[in-house]
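Ready for a short set of exercises? Have a look at the model below, then work through the tasks, each with its solution.

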Amino acid sequence: AIASSNNHQVSIWSRNGSQTLAQVVENADTIVSAISMKGVREVATQLQSLPIPPKAVFVTATKGLEPEYTSTPSQIWQETFPSHPVVVLSGPNLSKEIQLELPAATVVASTSKDAAEFVQLVFSSSRFRVYTNSDPLGVELGGTLKNVIAIASGVCDGLQLGTNAKAALVTRGLTEIIRIGNLWGAKTETFYGLSGLGDLLATCNSPLSRNYQVGYQMACGKTLTEVLAHLEGTAEGVNTCQVLMQRAKQRNISMPITEQVYRLLQGEVTPRQALDELMLRDIKPEYSY
Ligand SMILES: NC(=O)C1=CN([C@@H]2O[C@H](COP(=O)(O)OP(=O)(O)OC[C@H]3O[C@@H](n4cnc5c(N)ncnc54)[C@H](OP(=O)(O)O)[C@@H]3O)[C@@H](O)[C@H]2O)C=CC1
Ligand SMILES: O=C(CO)COP(=O)(O)O
């Protein structure tokens, strides 16, 4: 809607829609992917066989990680289209609020400054403030990894643990995100920006977040299967948590909150047991990264 009101001609494709993928990308200068993680590689591969305008910029809004290779969505797009610029769009952007035209800000990040500035113009409006950034990996990981902490925050609220507990959880969650994000190659300061801390705050504090809902409802006694059966849309954090644990183990990185979310999702611990495990860890200095 924002791109349309900025006088861009917008065509939308979905696998159940009437237009073909070839039709919508035929003359596109910008190709935006907002599909859930499980469909990214499949759609990128489908697009690879189509004639894409040589100057088209790819924009990815997906917040997830590929299970097998731990690739991020932008890495998949860049690998599939090496000669095209790829821009990551991510921030505290709960879609229901954007639809209501409530004010929001986001980040468009790319190694190509021109591409990021171009996409900034496409999506800027008086209700949607768009910042550019040159660390696409950091922006993408901020949006993706916070989903795991949002599940934990939902648990925290579902168990009615209070504001102090929530503040501790979100802050220590950010420490975990920075610890693994740095090792991945992302910059620390990116995680303190809108796409990191900003999105973490939005998602960890809103019942509109699907990831938060997963944790909240599990803390209220539902099983993961029961929650997912009634959830509108995708809670990417469920898959991301598994991929993240795998990567943290391979690299020997301590991610205690992520580990407890993982064990909870696997049915190995109850929300209360996960809390006890976190509180009874060895005491230590605040900074150890
Ligand atoms: N960048 C940002 O600021 C934000 C990003 N997100 C992220 O955007 C992504 C989508 O979120 P959301 O729209 O809420 O999720 P939904 O689950 O509601 O929608 C997912 C969409 O992806 C499509 N899709 C999935 N697999 C395939 C496939 N194999 N081929 C074609 N299409 C496919 C679905 O199509 P169909 O309808 O046919 O099933 C559906 O339209 C998530 O990764 C989410 O984390 C969310 C909010 C903000
Ligand atoms: O990423 C989001 C808001 O920025 C959306 O969060 P959920 O995917 O948890 O609904």
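## Exercise 1: The shell around ligand 1

Helix H3 (37–48) and strand E3 are elements that each supply at least two residues of the shell around ligand 1; helices (H or I, at least four residues) and strands (E, at least two) are DSSP runs, numbered from the N terminus. This is a predicted model, in which local features need pLDDT of at least 70 and side-chain atom pairs count only at pLDDT 80 or more, while totals for chains, interfaces and linings use all residues. Residues are numbered from 1 along each chain as its sequence is written, and chains are lettered from A and ligands numbered from 1 in the order in which they are written.

Task: find which element gives the most to the shell around ligand 1, and sort the shell by class.

Solution:
- Step 1. H3 gives the most, with five residues.
- Step 2. Of the 24 residues around ligand 1, Gly39, Ala61, Lys63, Asn93 and Gly233 come nearest. A residue counts as near if its C-beta atom, placed from the backbone, lies within 6 Å of the molecule.
- Step 3. The shell holds six nonpolar, 13 polar and five charged residues. Here Ala, Val, Leu, Ile, Met, Phe, Trp, Tyr, Cys and Pro count as nonpolar, Asp, Glu, Lys and Arg as charged, and the others, Gly among them, as polar.

## Exercise 2: The shell around ligand 2

Task: name the closest residues to ligand 2 and the elements that give two or more residues to its shell.

Solution:
- Step 1. Ligand 2 is surrounded by 14 residues, the closest being Asn93, Leu94, Ser209, Arg210 and Asn211.
- Step 2. Two or more residues come from each of helix H7 (136–158), helix H10 (194–204) and helix H11 (210–219).
- Step 3. By class, four residues of this shell are nonpolar, six polar and four charged.

## Exercise 3: Helix H7

Task: work out why the length of H7 agrees with its 23 residues, and locate its bend.

Solution:
- Step 1. The expected span is 1.5 Å times one less than the number of residues.
- Step 2. The 23 residues of H7 should therefore span 33 Å, and this agrees with its end C-alpha atoms, which are 33 Å apart.
- Step 3. At Asn147, H7 bends by about 30°, taken as the angle between axes fitted to the seven residues ending there and the seven starting there.
- Step 4. Of the 23 residues of H7, 21 are buried. A residue is buried if 20 or more other C-beta atoms lie within 10 Å of its own, exposed if 12 or fewer, and partly exposed in between, with C-beta atoms placed from the backbone.

## Exercise 4: Strand E4 and its partners

Task: place strand E4 (residues 104–109) among its neighbours.

Solution:
- Step 1. E4 is mostly covered, with five of its six residues buried.
- Step 2. Strand E3 (residues 86–90) pairs with E4 in the antiparallel sense over three bridges, and Leu89 stands opposite Val108. Pairing requires at least two DSSP bridges between the strands.
- Step 3. E4 and strand E5 (residues 128–133) run parallel, joined by six bridges. Thr106 has Val130 as its bridge partner in E5.
- Step 4. E4, helix H6 (residues 113–123) and E5 make a right-handed β-α-β unit: with the strands pointing away from the viewer, the path from the first strand over the helix to the second runs clockwise.
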